Amino acid sequence: MPGNDSDNILHLDAIDIRLQETPLVAIDTRIEPGEILTVMGPSGVGKSTLLAFIAGFLDPAFSARGNVWLQGRELTRLPAEQRRLGLLFQDPLLFPHLSVGGNLAFGLRDGNSRRERHAQIDRALADIGLPGYADRDPATLSGGQRSRVALMRVLLSRPHAMLLDEPFSKLDMTLREEMRSLVFSRIHQENLPTLMVTHDEADAEAAGGRVFRLLPPT
Amino acid sequence: MGHFRRSRLFLMAVRFAPWLAMALLIVPVAGGLAGVIGPAFGWLPALDGHTVSLTPWQALWRQPGLVDMISLSLVTALASTLGALILVILLLGALLETRAFRAIQRLLSPLLAVPHAAAAIGIGFLLTPSGLANRAMSPWLTGWSYPPDYLFPGDPWGASLILGLVAKEMPFLLLMSLAALPQCQAQSHHRLARMLGYAPLTAFLKGVLPNLYPLIRLPIYAVIAFASATVDVAMILGPSNPPTLAVSVIRWLNDPDLDRRFMASAAALTQLGVTVLALLFWWLGERLVVKLMSQTLTSGRRNHGDRLIGGLATGLTWFILGLLGMSLLGLMLWTLAGYWPFPEAWPWPLTIGNWMEAADTAWHSVIQTAVIGLASTAIAMTLAIGSLESEIQYHRRMRRRTQLILYLPLLVPPVAFLFGLVQLQAQLHIAPGWFAVILGHTLFVLPYVFLSLSESYRRLDSRWAQVAATLQASPGEVFRRIRLPLLTLPLLTAAAVGFAVSVGQYLPTLLLGAGRITTLTTEAVSLAGGGDRRLTAVYALLQLTLPAIGFSLAIGLPKLLLRNRRGLQPA
């Protein structure tokens with residue numbers, strides 16, 4: 001059953017992903033607005049495959065059944081760019097050919113005047129504690145700063161739901177705490193249904209939501 | 001003790017290899033350019049030129065159509081490079097990570113091995129008024145029972161030349177781009193941009209291309225330099241009156257009037273200037289595009305006519321592929337054709353008479369081509385492997401400047417420095433012949449062999465060598481018993497690439513062999529100027545077959561020899 005149109009629910013409807021008929025991942029659940037569902041499991045168990053399927057990058061070697069619903073739209077038939085999913089990768093992946101502000105502008109939807117876009121970017125930078133960083137080269141930022149810019153870039157593209165792909169695994173311990181609380185608080189603030197894939201128990205604890213455990217194939 | 005000495009000998013040889021390679025690349029180019037400067041200013045003792053003057057330049061300026069020649073060279077070079085690059089960019093952008101892309105990739109790679117002259121001859125035959133393209137559409141569609149009257153190839157605007165160059169350069173640029181994609185995190189950036197809502201082509205143009213372009217800049221410059229100075233392709237497809245500047249240089253050089261050599265030298269230097277000018281125009285164009293596009297990059301627009309442009313690119317790529325495929329078919333038919341009147345699309349009856357007739361002389365050319373190809377490939381492979389091994393033994397990665405030296409023979413127009421080499425050759429009383437021709441070929445084979453091999457050589461897991469070293473293997477043994485066997489596949493591929501490059505060479509054979517050495521390429525090009533399509537087609541097809549055999553061996557041998565070593569098999 002698809003969710004009601006007005007509800008911002010990420011509905012994973014009877015999803016079953018197989019590799020040459022070997023079942024890999026099966027999940028059937030609804031993620032409420034602002035809820036963070038954690039998918040856990042050891043590496044090689046198909047966590048990333050699930051994420052790739054939802055995002056629209058599933059390798060043709062896999063076969064998948066089931067539907068993904070978001071705001072009453074069925075996503076699996078749409079190309080990745082039309083799904084309105086915000087994906088936070090393991091690496092910040094800031095574009096090296098653009099400034100920090102340029103990276104944010106890349107995420108920002110078009111439509112406003114150039115001046116308004118600049119103002120939006122300045123506000124966004126202030127929001128993540130990096131005021132005045134617009135013209136900086138992303139290569140000069142620290143790891144934590146890059147992660148914050150990457151988060152803001154995703155949020156500026158106004159996604160309807162979030163996917164987190166081990167987003168804190170490459171940060172060191174102290175930064176990890178900080179990034180977690182920033183990401184989770186933004187997700188709650190924007191009321192986004194979120195699916196997080198991780199192998200770190202601490203991530204699941206901090207998210208505080210349901211945990212879905214994938215078992216190694218037997 | 002002998003073990004120890006051998007090992008030192010190996011390390012010494014490896015130490016010298018890069019210097020030898022660099023010398024081989026720099027000395028002939030620099031020497032050749034120097035050798036052309038003297039005669040350009042009237043100084044060539046062998047021909048009684050003892051005074052320095054501007055007479056050759058005055059003679060050159062007086063040549064009718066000089067400006068047309070120069071502008072033809074410039075326009076065809078820039079237009080063909082731009083066309084090939086745009087096709088490659090759009091194709092990558094529209095099809096990256098799709099299944100159709102893999103198919104096109106598989107089809108394009110063997111095209112790289114097709115010699116320029118063979119491709120040009122094939123395209124010329126296909127599109128000429130009485131060519132296969134018109135035959136296939138006549139008379140049922142066009143109503144023609146006689147070939148229509150238009151000039152192609154050889155149209156005065158150089159359109160056929162541009163088309164031929166695009167078809168031949170596109171696979172090269174695509175392959176260089178594919179090799180560079182992982183280096184600029186193309187896949188991650190592309191996915192990221194798409195997740196942010198960008199349509200595939202726009203995501204590529206805004207998120208990937210700005211980081212990819214710097215990595216393929218040198219190959220692009222090499223393409224411009226080649227296109228601005230090509231002789232064989234321009235002779236086959238280009239206009240003849242006036243031709244491009246490079247073709248004129250060769251004509252003047254071959255003029256029975258030896259005094260023309262002074263003017264030809266001045267023209268060869270002018271050709272260098274034309275190539276530099278073409279590169280300069282391109283460089284200015286780069287600046288302009290960067291300036292114009294910087295706002296668009298971050299405008300937030302997610303779709304710039306993606307579907308339309310992507311569809312167009314795909315269509316054009318299939319058109320180019322079809323063009324080359326049809327050209328090949330046309331060549332085959334011509335070699336088997338007896339009487340083949342115009343609107344007939346299929347020659348009937350088929351005959352092997354053309355092959356029998358060509359067999360005697362063609363056989364001779366096949367042998368010469370193969371000998372030169374094998375010898376130059378062997379030298380180039382030795383130097384390339386030695387240089388790469390020295391990087392490992394002495395922990396010195398090639399710097400950007402050294403990379404530029406590698407591209408030297410591809411950036412300096414061969415017509416300029418080879419001609420100078422010929423002058424030097426005469427000056428130093430070195431008889432033209434095998435030695436000079438093989439070295440001349442090596443000059444062009446080495447860069448391609450090196451580029452083809454370097455990625456795999458540098459990426460080979462260094463732990464293999466460490467394991468072997470802890471088992472008491474000397475550096476020489478590690479090289480011979482570990483590195484070389486593990487690299488069987490890339491080594492064979494590099495050798496096949498090198499052989500193909502040698503087979504395709506026209507100018508080095510023509511100039512350094514002083515007409516005494518003929519290869520399939522020199523024969524095919526000179527036949528293409530005549531009227532005998534059947535014989536020309538035989539030579540073009542043979543010219544195409546030799547590299548194809550090379551690549552088949554490179555793929556087939558490991559499958560056979562290493563059938564019990566699955567880890568070393570081609571994927």
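## A walk through chains A and B

Start by selecting strand 5 of chain A, where Arg73(A) is the bridge partner of Leu70(A). You are looking at a predicted model, in which local features need pLDDT of at least 70, side-chain atom pairs count only at pLDDT 80 or more, and totals for chains, interfaces and linings use all residues. Residues are numbered from 1 along each chain as its sequence is written, chains are lettered from A and ligands numbered from 1 in the order in which they are written, and side-chain values use heavy atoms, with hydrogens and water left out.

**The sheet of chain A**

Now add strand 4 (residues 62–70) of chain A, which pairs with strand 5 in the antiparallel sense over 2 bridges. Strands here are DSSP runs of E, at least two residues long, and helices are runs of H or I, at least four, numbered from the N terminus; two strands pair if DSSP finds at least two bridges between them. Widen the selection to the whole open sheet of chain A: 4 strands in the order 2-1-4-5, with antiparallel pairing. Strand 2 (22–31) and strand 5 (73–74) of chain A stand at the edges with a single partner strand each, so one side of each has no neighbour in the sheet.

**Helix 1 of chain A**

Next, select residues 47–55 of chain A: is this helix mostly covered or mostly open? It is mostly covered, with 8 of its 9 residues buried (under 20% relative accessible area with a 1.4 Å probe, protein chains only; exposed is over 50%, partly exposed in between). Among the buried residues are Leu50(A), Leu51(A), Phe53(A) and Ile54(A). Just after the helix, click on Gly56(A), which takes a positive phi of about 105°.

**Chain B as a whole**

Zoom out to chain B, with its 23 helices and 2 strands. Its C-alpha atoms fill a box of roughly 75 × 65 × 55 Å along the principal axes. Of the 571 residues of chain B, 53% count as buried.

**A stop at Tyr339(B)**

Finally, select Tyr339(B), in the loop between helix 13 (306–336) and helix 14 (353–394) of chain B. At 65% relative accessibility, Tyr339(B) counts as exposed. Which residues does Tyr339(B) touch, not counting those up to four places away in sequence? They are Trp348(B) and Arg534(B), where contact means heavy atoms within 4.5 Å. For a last distance, pick Ala103(B): Tyr339(B) and Ala103(B) are 236 residues apart in sequence and 37 Å apart in space, C-alpha to C-alpha.
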